[in-house]
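Reader: I would like a close look at one part of this model, with its surroundings. Please keep it brisk.

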Amino acid sequence: MTAVGSQTLNLCNSSNLDFSETFYAKSKSAKVAAVFHSSAKKLGICGGAASKSRFSTPIKAIEASKTTQHQANQVECNSTGEILTNDSGKNTLQMSTVGNSSNIMWHKCSVEKSDRQELLNQKGCVIWVTGLSGSGKSTLACALSRALHARGKLSYILDGDNCRHGLNRDLSFKAEDRAENIRRIGEVAKLFADAGVICIASLISPFKKERDACRALLPQGDFIEVYMDVPLQVCEKRDPKGLYKLARAGKIKGFTGVDDPYEPPLDSEIVLQQREEICDSPNALAEIVISYLEQKGYLEA
C-alpha cells in the first residue's frame, strides 16, 4: 500500500490509480518514490474501438479492387509496378527529400499500426528510461520486460551499450557521436512502437533537447519517459562498470556526472526517486511502470 497525501493507494491495483493530476507515490520502505505526470496533450492513447481491424474483406480482394480501378483509369506503370500517370496524364507519385536522401517515396501498406496492435492485444509505445550511469536503468528495463512477458505482452529492450555492439558500433563517445547514438535508437524505437511492440529504451541520454527530439518522433502519448532519479553519490558508490573510478582518474573524458553535465527531465511521465543506498527491488519498480501502462490502456488493444 502507498500513501499519497491523505489517500492510500495500492500500486499493484491500477483501478486505484488516478492519473488526472500529478501525484507522488512512495513505496512502503519510503526509499523510492514514483511521480506520474499527466496531461491531455501527453497521454492521448491511440486505439480502442477505433483500433479494430478494418479488414471486412480479404486483403487480396482489396488489392483486386484497386487493380480494377487502375485498369479503368488506364494508368501507366513502370517496371517496378509504380503508378506513373493517370488518365489525365498527371504524375501520381509523391516524391520527397529527407535529409540527404532525395527522390524517395513513402510506401503505405494496408496493414497499419492499429491492426498489429489488435493482433498483439496491446498498444505499441516507447518507454524511455533515462538517468545517470549506475542509476539502475538496465536493471529496471530487464525487470519490466520480464514482467510484461509474464503478462503475455511483447516488449523489446534497446540498451545503450547493447546497441553499440552492432547498430552504433561505428560511433565513439564524442559529443556528436553520442547525439547520433540517441537519434538512431530513437528512430529504431519508433519502428518497434509502430509494429505494436512495447519498446524499452535504456540509455543515459543526458540532454533534454535529444530526449525531446525522440519524443517528437512518436504520436502524442506513445513516448513514456521514466527518470531514474538517483543521486550522483549513490550511483558513484555503486559504480557497477568501474567507469566513475576511471573518470575520476582522468582516464575517461566527458563522462556524464563527472566532467559532463546531465540535464534532469522536468516533465517525465514517471519519476523513480531513490535517496538511500538500499532501494526497492527492480520488480517493485517495474510494477510501478506496469501500473501506469495498465491505467493508460497500453496492455490491451
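What is the mean pLDDT of the protein chain, and what share of its residues reach 70 or more? Then take me through strand β11: which way do its residues point, and are they buried or exposed?

Author: This is a predicted model. The protein chain has a mean pLDDT of 80. Of its residues, 69% reach 70 or more. Two stretches need care. Residues 1-31 stay under 50 in pLDDT, although the model gives them 67 contacts beyond four places in sequence. Residues 55-62 are also below 50, with seven contacts beyond near neighbours in sequence. Where pLDDT is low, the predicted coordinates should not be read in detail.

Now the strand. Five of the five residues of β11 are buried, so the rest of the structure largely encloses β11. Ile198, Ile200 and Ser202 point one way. Cys199 and Ala201 point the other way. All of these are buried.

Next, the partners of β11. β9 pairs with β11 in the parallel sense, over five bridges. There, valine 126 stands opposite cysteine 199. Strand β10, residues 155-159, also runs parallel to β11, and five bridges join them. Here tyrosine 156 stands opposite cysteine 199.

β11 also feeds the largest nonpolar core, which has 25 residues. Ile127, Leu140, Leu144, Leu148, Ile224, Leu272 and Leu293 have the most contacts inside this core. The elements giving two or more residues are β9 (125-130), α3 (137-150), β11 (198-202), β12 (223-229), β13 (270-274) and α9 (282-295). The largest share, seven residues, comes from α9. Apart from this core lies another, of 14 residues, including Ile185, Ala193, Leu203 and Cys214.

Take isoleucine 224 as a sample of the packing. Leaving out residues up to four places away in sequence, isoleucine 224 touches Cys125, Val126, Ile127, Trp128, Glu269, Ile270, Tyr292, Leu293 and Tyr298.

One helix belongs in this picture: α5, residues 175-194. β11 is among the elements that cover its buried residues, as are α2 (113-120), β9, β10, α4 (160-163) and α6 (208-216). Those buried residues are Asp177, Arg178, Asn181, Ile182, Arg184, Ile185, Gly186, Ala189 and Ala193. A geometry check helps. At 1.5 Å a residue, the 20 residues of α5 should span 28 Å, and the end C-alpha atoms are 29 Å apart, which agrees. Just after α5, glycine 196 takes a positive phi of about 95 degrees.

Conventions:
Residues numbered from 1 in each chain as written. Predicted model: local features only at pLDDT ≥ 70, side-chain atom pairs only at ≥ 80, totals over all residues. Heavy atoms only, no water. Core = buried A, V, L, I, M, F, W, Y, C linked by side-chain atoms within 4.5 Å. Buried < 20%, exposed > 50% of the residue type's maximum accessible area, 1.4 Å probe, protein only. Helix = DSSP H or I, 4+ residues; strand = E, 2+ residues; numbered from the N terminus. Contact = heavy atoms within 4.5 Å. Pairing = 2+ DSSP bridges. Expected span 1.5 Å × (residues − 1). pLDDT = per-residue confidence, 0-100.
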